[in-house]
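Colleague: I have a model open and keep tripping over the vocabulary. Can you take me through it, term by term?

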Amino acid sequence: MALYGLIDGNSFYCSCEQAFDPALRDKPVVVLSNNDGCVIARSALAKAVGIKMGDPWHLIRRRPELSEVVAKSSNYSHYGDLSRRVFEILGAHVQRLEPYSIDETFLDLAPVTGDLMEFCQMLRGAVRQIAKIPTCVGVGPSKTIAKAANKLAKSRPELNGVCDLRDEATRVALYQDLGIGEVWGIGGKTAEKLAARGVRTVADFLRLDPRKVRDMMSVVGARVQAELRDVSCLPLSLMAPQRKGIAVTRSFGMPITDWWTMREAVASYATRAGEKLREHGLLASTMTVLLHTNPHNGDPWYSNQHSARIEATNDTTSLIGEAIRMLEPMWRAGFRYSKAGIMLGELIDAGSQPMSLFPTKDPVRSARAMAALDAVNGRFGRDTLRPLATGISRTWTAKAMNLSPRYTTRVGEILVGTAY
């Protein structure tokens with residue numbers, strides 16, 4: 001019989017900030033989006049004082065009731081490294097697991113012998129002790145039920161971080177009050193559609209004829225209903241699916257008004273996109289370059305984008321060349337640009353790419369050059385070695401006024417202990 005667990009980090013980004021800074025542990029903490037814009041993560045104390053997801057920080061930060069709130073700039077390299085550590089800790093105790101997102105992992109708990117609740121508490125303790133991240137665990141006979149159980153574990157302190165929904169009678173009682181919009185796989189629009197038909201709780205949803213559910217919500221809805229009925233339809237995916245696209249888009253820390261600065265910014269984004277391609281062993285076959293002004297500050301509105309097929313590549317210099325070629329005809333002097341970006345599509349596995357008869361670059365030399373570039377930056381930190389086209393001073397980069405140190409990924413920023 002299938003048995004799944006879902007473990008996830010509580011307020012993950014905020015917990016990462018608190019992991020290496022004990023002074024933050026008893027304070028309300030929020031993490032801001034790029035350019036220190038909107039709230040994208042809140043600790044439990046920050047939620048308690050009324051901060052909502054997406055609140056613009058510059059509009060709410062002066063409220064008297066928020067005087068104790070600590071706002072941190074997003075530090076994705078730090079969060080990604082702690083996520084990797086959590087996954088390694090779980091992998092030491094669970095044979096089969098699926099990373100679902102940066103802070104969520106599905107576990108195959110069927111082989112666990114002994115007391116399952118003690119095992120789940122042991123997992124929570126190991127992650128808390130080694131990675132310093134608090135977690136909750138949901139358990140159920142399907143992934144959808146495990147996801148619902150995890151949500152309950154977070155919202156009900158009396159469960160002590162673990163919610164077990166293996167028992168059918170427990171689930172039936174829960175489904176009477178559980179809103180259909182809270183179920184994994186049921187989006188807001190679908191919940192509205194169901195509500196219009198009088199379906200407001202999971203119990204209402206399970207009373208529907210499966211054939212009508214399939215007609216109304218396609219196979220996705222039928223699968224959700226079956227999963228809630230204890231029929232496991234979503235096995236663990238032990239390999240992450242191949243990415244279908246890569247995007248690097250950023251708001252600038254200050255408006256860009258001259259061509260050479262915009263050229264630097266776009267070249268920098270192309271460089272980062274190339275790093276992501278090589279990290280996943282992929283080549284890009286299409287590229288889109290975009291830029292626009294800020295529609296909210298009174299500046300004249302201008303937005304443009306250009307897409308084209310490119311020779312399949314993950315070579316940074318080739319990506320920069322293509323990006324600049326697309327950017328040039330879009331550039332209009334006299335505007336104050338606030339954002340630009342690059343999106344790569346039609347990604348293919350680098351190992352399965354057929355050899356081209358007339359490549360514009362020697363593929364062997366290109367691969368060696370990119371491997372050397374990545375090796376240097378992997379050892380000494382990102383952008384230690386980078387194309388000159390990406391600029392030197394780079395005054396346009398996004399604001400990060402409250403960026404925490406990269407405790408686990410930069411030697412120069414490692415936590416230092418002192419004994420007296």
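Colleague: What is the order of the strands in the open sheet, and what kind of pairing do they have?

Modeller: Bear in mind that this is a predicted model. The open sheet has 5 strands, in the order β5-β6-β1-β7-β8, and the pairing is mixed.

Colleague: What makes β5 and β8 edge strands?

Modeller: Each of them pairs on one side only; β5 covers 97-101 and β8 covers 162-164. As for twist, neighbouring strands in this sheet are turned by 15° against each other on average, ignoring direction.

Colleague: How do you know that β1 and β6 are paired?

Modeller: Count the bridges. Pairing takes at least two of them, and 5 bridges join β1 (residues 4-9) to β6 (residues 104-108), so the two strands count as paired. They run antiparallel. For one bridge you can click on, take D8, whose partner in β6 is E104.

Colleague: Which helices lie on that sheet?

Modeller: Helix α5 (residues 116-131) lies across β6, β7 (135-140) and β8, running at about 155° to β7. Helix α6 (residues 143-155) packs on the sheet as well, touching β1, β5, β6, β7 and β8, and its direction makes about 140° with that of β7.

Colleague: Why is α1 called roughly perpendicular to α4?

Modeller: The axes of α1 (residues 12-19) and α4 (residues 76-91) come within 10 Å and cross at roughly 90°. The label covers 65 to 115 degrees, so α1 is roughly perpendicular to α4.

Colleague: Which residues make that contact?

Modeller: From α1 you have F12, Y13, C16, E17 and A19; from α4, Y76, H78, Y79, L82 and S83. By class, that is 7 nonpolar, 2 polar and 1 charged residues.

Colleague: What makes the pair T408 and D81 a polar contact?

Modeller: The distance between their side chains is 2.5 Å. The cut-off for N or O atoms is 3.5 Å, with one atom able to donate a hydrogen and the other to accept it, so this pair qualifies as a polar contact. T408 is found in the segment after α13 (363-380). Leaving out residues up to four places away in sequence, T408 touches F20, H78, D81 and R85.

Colleague: Which residues does UniProt list for "domain: UmuC"?

Modeller: The unreviewed entry lists residues 4-187. Over that stretch the chain is 38% helix and 20% strand, with the end C-alpha atoms 22 Å apart.

Definitions and conventions:
Residues numbered from 1 in each chain as written. Predicted model: local features only at pLDDT ≥ 70, side-chain atom pairs only at ≥ 80, totals over all residues. Heavy atoms only, no water. Helix = DSSP H or I, 4+ residues; strand = E, 2+ residues; numbered from the N terminus. Axes fitted to C-alpha atoms, helices over the stretch in contact; angles between N-to-C directions. Contact = heavy atoms within 4.5 Å. Parallel < 35°, antiparallel > 145°, perpendicular 65-115°, else oblique. Nonpolar A, V, L, I, M, F, W, Y, C, P; charged D, E, K, R; others polar. UniProt positions renumbered as here; feature names shortened; annotations may be inferred.
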